[in-house]
Structure formats: structure tokens, C-alpha cells
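Biologist: Could you walk me through this one slowly, and show me how each label is earned?

Modeller: Happy to, so let's open it up together.

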Amino acid sequence: MTFDIVTIFPRVIEQPLAAGVLGRAIERGVLDVRIRDLRHFTADRHHVVDDVPYGGGPGMVLKAEPMFGAIEAIEAERGRPLTVILTSPQGRRFSQADARRLAAHEHVVLLCGRYEGFDERIRERATEELSIGDYVLTGGELPALVVLEAVARLIPGVVGDEQSVADDSFSRGLLDFPQYTRPAELKMGGDDPAMKVPDVLLSGHHAEIRLWRKREAVKRTLARRPDLLETASLDDEERAILRELQSGRVAEWRNVKAGG
Ligand code: SAH
């Protein structure tokens, strides 16, 4: 899969792509990311990418022509992009469902804003506008990386273990179950009781472990994000667990705190 990212700060994008799962995917050629410096698409000597807003007011606005130039260059190289995403706090909220949808695409273009944002006419060249949450950042680089990373890890061959991706929070509308690693008992000093890993995980009893994990995942989702359960695709066991938790045990799981 190919990503073209248009930015005035290529280095902000480059650095995070050098490490970890994404770095390896790029090295192996599973993922192709081209960073386009918006300044290369300016026509003037000073490579100006921004200008004052018409009508006055504070801040600067990203000019349309360089952005159009970048999109045209991408188009000339790779053919007309079907997906041009404009990053913006005014966009639709990006979700795991969007990541899944985009992961099926061959080519995605991401436009990073800066300053007060884009000249409104740039929106006409975008096929969608995505926000990563209800807060305002100084630039679209981190949002572009967020989208890129969420999409890329769904591409077969990027994350080593496909099952781990399938089990992740949101993949079926359930939050992930709790995880532990060695040691089985942690003594943090003083008279504090040892922090233990649940016995079932040490039992080697695979069927029970599987059920425990399902139960914990349903329990967590119910406690922290009950909204997800409205559209979750649960199997028979999970539905049974949910019914059981909802009846009779209501009082108990209401007390499960988000940190627990
Ligand atoms: N004045 C603009 C915000 C500009 S922030 C407004 O109120 O809509 C500068 C740039 O950062 C934006 O153009 C966008 O590319 C990026 N950005 C900031 N917050 C974002 C968010 N929550 N999601 C996606 N992009 C964001």
C-alpha cells in the first residue's frame, strides 16, 4: 500500500517512520510512504506556502496553489488518487472502522495543514476530511501519522501476528482483555501484598483461559465503553457472558473502575 503525505515539515513525519513495526514494513516494501514537501510546489523564489487571511484576523492560511501542485505531481506519478484525506479538527472523527476501510485501498493521500488551516478551496480536491479527536493541534503531521499507523497495521504482513491485530480493542467492538507477563508474583517491597497474575492464566488450561479472556473483554467493555456493545459483533459465548453480567451482577461490575 502506498501513502503520499503532503507537509511543510517532512522531518516530523520521517522520524517516527524510521522505527518499529512501520519502519520494518517500509524496509520490506510492504508499505511505501512518500513524503512531499509542500515548499517544492511553490512557484516563487521564497517558496511561500502561506499568506494572510482575506477579511483579516490573526494567523496565516495555507495557500491553495502549492497544495494543488503537490496533488497534481502525485497524480502524474501514480494516477488519479481515489482517496485524498484532509486532516482537520472539523472533519469526521477517525475510527477503527475508517482504518479498516482505508486499509483496503491501494493508495491514500494525506494533506497536513498548519497555521489557521487550509485555504477553503483546497477542500474541493479532498475526498474526505478526518479529525483524530475533539482538540486542536498545531499541524496535520501527527494526525496523518495516526491515520497512517492505524491503517498500516491492518495491512497483512505489517504486524507479525495477524491474530494479535484481530484481538485488538475495537476490532470486533470489544476492548482487549488484560495482559500479564513474567514474573507471576510482583513484590514491590514493604508489607504490600504481592501483585499476582490471575491463577487461570498460569493453569495451562487453554479452554478456561480463552473463556476468562472473553469474559474480561466483555466486562471491560461493559464497564468502560458500553456504547461499543450496541454495534459489537459478539459470538454466542460472548453474548451469554454479556447477558449474565447484565442480569444479577449489575452492582458488581458497576464498581469496576476504568483503571482496574
Ligand atoms: N483553525 C483551524 C485549526 C487549524 S490547526 C480550525 O479551527 O479548524 C492546524 C492544522 O492542524 C489543521 O489544518 C489540521 O491539518 C491539523 N489539525 C489540528 N487538529 C486536528 C485534529 N484534531 N484532527 C486532524 N487534524 C488536526
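**How the labels are earned**

Modeller: Helix 4 and helix 5 make a right-handed crossing. Keep in mind that this is a predicted model.

Biologist: What makes helix 4 and helix 5 roughly perpendicular to each other?

Modeller: The axes of helix 4 (residues 96–103) and helix 5 (residues 141–152) cross at roughly 70 degrees, and they come within 8 Å. Angles of 65 to 115 degrees count as roughly perpendicular. Helix 4 and helix 5 are therefore given that label, roughly perpendicular.

Biologist: Then why are helix 8 and helix 9 called oblique?

Modeller: Between helix 8 (residues 206–224) and helix 9 (residues 236–246) the crossing angle is roughly 55 degrees, with axes that come within 10 Å. Under 35 degrees would count as roughly parallel, and roughly perpendicular begins at 65. Helix 8 and helix 9 are therefore oblique to each other. Their crossing is right-handed.

Biologist: Let's turn to the ligand. How do you know that Ile 132 makes a polar contact with the ligand?

Modeller: A polar backbone atom of Ile 132 is 3.1 Å from a nitrogen atom of the ligand. The cut-off for such a pair of N or O atoms is within 3.5 Å, so the Ile 132 pair counts. Leu 137 also offers a polar backbone atom, 3.0 Å from a ligand nitrogen. For Gly 139, a polar backbone atom is 3.5 Å from an oxygen atom of the ligand.

Biologist: How much of the ligand does the protein bury?

Modeller: On its own, the ligand exposes 550 Å², and the protein buries 87% of that.

Biologist: Which element gives the largest share of the shell around the ligand?

Modeller: Strand 5 does, with 4 residues. Strand 5 (84–93) and strand 7 (128–131) are the elements that give two or more residues to this shell. In total, 21 residues surround the ligand, and the closest include Thr 87, Gln 90 and Tyr 135. By type, the shell has 9 nonpolar, 10 polar and 2 charged residues.

Biologist: What makes the bond between Arg 182 and Pro 183 worth a look?

Modeller: Most peptide bonds are trans. The one joining Arg 182 and Pro 183 is cis, with omega about 5 degrees. Pro 183 is in the loop between helix 6 (162–167) and strand 8 (185–186).

Biologist: And what is the sign of phi at His 47?

Modeller: His 47 has a positive phi of about 55 degrees, although it is not a glycine. Most residues other than glycine have a negative phi. You can find His 47 in the loop between strand 2 (32–37) and strand 3 (50–51).

Definitions and conventions: Residues numbered from 1 in each chain as written. Predicted model: local features only at pLDDT ≥ 70, side-chain atom pairs only at ≥ 80, totals over all residues. Heavy atoms only, no water. Near = heavy atom within 4 Å. Polar contact = N/O pair within 3.5 Å; in protein donor to acceptor, adjacent residues only side chain to side chain. Areas by Shrake-Rupley, 256 points an atom, 1.4 Å probe, with all protein chains shown as cover. Nonpolar A, V, L, I, M, F, W, Y, C, P; charged D, E, K, R; others polar. Axes fitted to C-alpha atoms, helices over the stretch in contact; angles between N-to-C directions. Parallel < 35°, antiparallel > 145°, perpendicular 65-115°, else oblique. Left-handed = near helix turned anticlockwise from the far one by under 90°.
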